[in-house]
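Subject: Structure handover

Hello,

Here is the structure you were going to take over. My notes on what turned up in it follow below.

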Amino acid sequence: MSFFRKLFCFRYEIVSTGGTAAALETAGIPVTKVEEVTCFPEMLDGRLKTIHPYIHGGILARRDFQHHMADLSEHGIGTFDVVVVNLYPFYDKVSSGEGVEADEGIQNIDIGGPTMFRGAGKNHEDVLVAVDPQDYPNLIEFLRGKLDDQKFRGKLAWKAFQYSATFDSAVSEWLWKQNGGGKFPPSLTLPLSLKSTLRYGENPHQKASFYVDTSLSEVNAGGIARAIQHHGEEMSYNNYLDADAAWNCVSEFKDPTCVVVKHINPCGVASRDDILEAYRLAVKADPVSAFGGVVVFNVEVDEVLAKEIQEFQSPTDGESHMFYEIVVAPKYSPKGLEALRGGSKNLRILEAKKHEKGKLSFRQIGGGWLVQESDDLTPQDIQFNVMSKKSPPENELNDVEFAWLCVKHVKSNAIVIAKNKCMLGMGGGQPNRLESLRIALRKAGKEVKGAALASDAFFPFAWKDAVEEACQSGIGVIAEPGGSIRDQDAIDCCNKYGVSLVFTEVRHFRH
């Protein structure tokens with residue numbers, strides 16, 4: 001109320017609608033009700049209050065146009081110099097998660113408020129407009145003549161139209177879903193809110209910022225964008241990318257799991273009932289890559305696990321302690337959080353909720369956006385069809401399902417080798433599948449015997465190529481989508497070496 005007291009002290013006459021007018025009167029601030037200006041009562045359950053020439057004429061009239069001022073004089077219309085508006089809480093209502101009835105949502109679509117501040121924004125050279133309470137102090141300083149900003153009026157006008165666009169975007173999204181709209185509407189607006197200005201982008205010479213998607217579909221959907229940072233340096237552009245990749249990967253697993261990510265690719269994944277063992281195995285998969293990476297868990301980090309993260313020595317030399325940029329988990333015990341904080345002042349500690357499935361995935365190209373459904377399929381959603389003479393025993397089938405779940409998170413062309421719910425090696429981002437296989441085999445080493453191999457796409461060649469090299473290395477079972485004109489070659493090759501081959505009929509390209 002102090003803002004309105006100051007306006008009154010500046011000798012402004014305050015005109016307001018019912019609820020706000022009553023609050024001002026209760027606070028002892030003189031106020032003129034809208035109906036006293038319009039000479040017309042509020043009607044239609046409050047839907048019609050301010051939409052009247054006596055209101056909008058006074059907002060829209062240009063003071064430097066004599067004929068505008070003559071029109072106002074002829075009809076007895078006064079001018080407005082400041083317009084302050086707060087809209088109905090439509091966004092909060094429909095995003096509350098409490099299940100808002102359609103009629104309640106409709107009643108919270110504001111019409112009069114946006115009409116007024118859009119008019120004031122259009123005529124901002126003569127009318128100041130405020131839609132954000134954070135602007136009230138600067139507005140008072142401007143009225144006092146103590147704010148030297150020639151573009152202040154224009155900035156307030158920009159904010160008003162941006163506010164209108166965000167409000168309309170939420171209404172549009174809600175109405176589309178209310179009326180059975182599909183996943184891909186003919187027109188789409190993404191409301192983004194600036195969360196932070198980053199030190200730089202992917203590289204130091206690139207400026208960058210981080211925006212949160214405030215779409216109704218995302219506001220309560222979890223994910224890294226809404227993670228709580230408990231400790232450490234501010235997140236960087238690459239930190240967000242790596243944390244997001246790691247969190248999306250670990251969220252796929254039902255068993256207690258640890259995932260280590262470096263440059264968006266999971267370099268270590270392990271599931272165990274004992275999360276300490278899972279952590280050690282995930283690091284062991286590729287300790288060189290894990291150093292300086294992101295480590296994430298799908299279970300609570302307690303004091304014991306936190307101390308292990310801080311004290312675990314690299315399997316590479318058995319001496320140096322592992323170093324990470326970020327730790328992410330769904331929750332932390334108080335002592336676990338204390339232990340992590342005490343180990344490093346720079347370690348970024350994030351608490352995140354699992355990102356809901358069924359979302360759209362956006363990717364920008366020059367002049368446009370590619371939009372697709374997210375790749376949410378899990379092993380439980382598909383069939384692993386045995387194509388070889390040999391059927392994989394239960395342990396190998398479990399391993400190949402684990403590898404298949406990992407490979408969807410590796411950059412194409414992607415190969416993952418796993419055994420006993422532990423990634424042994426991965427190869428990704430190579431222009432040809434054979435090179436990805438060789439990288440994965442090299443990382444897996446001697447443990448490759450009897451392990452499972454998953455490929456994100458079919459093998460274009462088998463003999464003297466990836467399939468045969470995998471069979472010769474001692475792989476026990478291979479999973480691939482199938483669909484190549486040379487699928488029979490892959491089947492024949494696996495039969496020759498006594499290797500199980502399963503087709504998933506699902507490709508997992510990740511570019």
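Strand β10, residues 293-297, is largely enclosed by the rest of the structure, because five of its five residues are buried. Please keep in mind throughout that this is a predicted model.

β10 has a pairing partner in strand β8, which covers residues 257-262; the two run antiparallel and are held in register by four bridges. Within that pairing, Val295 of β10 is opposite Val260. β10 also pairs with strand β11 (residues 324-329), this time in the parallel sense, and again over four bridges. There, Val294 has Ile326 in β11 as its bridge partner. As background, side chains in a regular strand alternate between the two faces of the sheet. The connection from β10 to β11 involves helix α14 (residues 303-311), and the three elements make a right-handed β-α-β unit.

Salt bridges

The search over the whole structure gave 22 salt bridges. Three of the pairs and one network are described here.

Glu252 and Lys408 form a salt bridge through their side chains, with an N to O distance of 2.7 Å. This pair links distant parts of the chain, 156 residues apart: Glu252 sits in the loop between α11 (237-250) and β8, and Lys408 in the loop between α16 (394-407) and β16 (415-418). Are these two residues buried or exposed? Glu252 has a relative accessible area of 13%, and the cut-off for buried is under 20%, so Glu252 counts as buried. Lys408 is buried too, at 1% relative accessibility.

Lys408 also meets the side chain of Asp375 in a salt bridge, at 3.9 Å from N to O. Here the two residues are 33 apart in the chain, with Asp375 in the loop between β14 (368-373) and β15 (385-386) and Lys408 in the loop between α16 and β16. Asp375 is partly exposed, its relative accessibility being 33%.

Salt bridges with shared partners also join Asp132, Asp135 and Lys159 into one network.

The pair of Arg348 and Glu325 involves β11 again. Their closest N and O atoms are 2.7 Å apart, and the two residues form a salt bridge. Arg348 belongs to strand β12 (residues 348-351) and Glu325 to strand β11, so the salt bridge ties together parts that are 23 residues apart in sequence. Arg348 is buried at 3% relative accessibility, whereas Glu325, with a relative accessible area of 27%, is partly exposed.

Second largest pocket

Empty space of this kind is found by rolling a probe the size of a water molecule over the atoms. The volume of the second largest pocket is about 1200 Å³. Its lining consists of 42 residues, and those closest to its centre are Val15, Ser16, Thr17, Val84 and Met116. Which elements give two or more residues to that lining? They are the helices α1 (2-9), α2 (18-26), α3 (34-38), α4 (53-60), α7 (102-107) and α8 (112-122), together with the strands β1 (15-16) and β3 (82-84). By residue type, the lining of the second largest pocket holds 24 nonpolar, 12 polar and six charged residues.

Backbone points to check

Most residues other than glycine have a negative phi, and most peptide bonds are trans. The following entries depart from that pattern.

- The peptide bond between Ser412 and Asn413 is cis, with omega at about -5 degrees. Asn413 is located in the loop between α16 and β16.
- Asn420 is not a glycine, yet has a positive phi, near 55 degrees. Asn420 lies in the loop between β16 and β17 (423-427), and is partly exposed at 47% relative accessibility.
- Lys421 likewise has a positive phi, about 55 degrees, without being a glycine. The loop between β16 and β17 holds Lys421, which is partly exposed with a relative accessible area of 33%.

Regards

Definitions and conventions: Residues are numbered from 1 along each chain as its sequence is written. This is a predicted model: local features need pLDDT of at least 70, side-chain atom pairs count only at pLDDT 80 or more; totals for chains, interfaces and linings use all residues. Side-chain values use heavy atoms; hydrogens and water are left out. Buried means under 20% relative accessible area, exposed over 50%, partly exposed in between (1.4 Å probe, protein chains only). Two strands pair if DSSP finds at least two bridges between them. A crossover is right-handed if, with the strands pointing away from the viewer, the path from the first strand over the helix to the second runs clockwise. A salt bridge is a side-chain nitrogen of Lys or Arg within 4 Å of a carboxyl oxygen of Asp or Glu. On a 1 Å grid over the protein atoms alone, a cavity is a set of points where a 1.4 Å probe fits but cannot get out, and a pocket is an open set with protein on both sides within 12 Å along at least five of seven lines; lining residues have an atom within 4 Å of a point. Grid points are joined across faces, edges and corners, and a volume is the space filled by probe spheres set on the points. Ala, Val, Leu, Ile, Met, Phe, Trp, Tyr, Cys and Pro count as nonpolar, Asp, Glu, Lys and Arg as charged, and the others, Gly among them, as polar.
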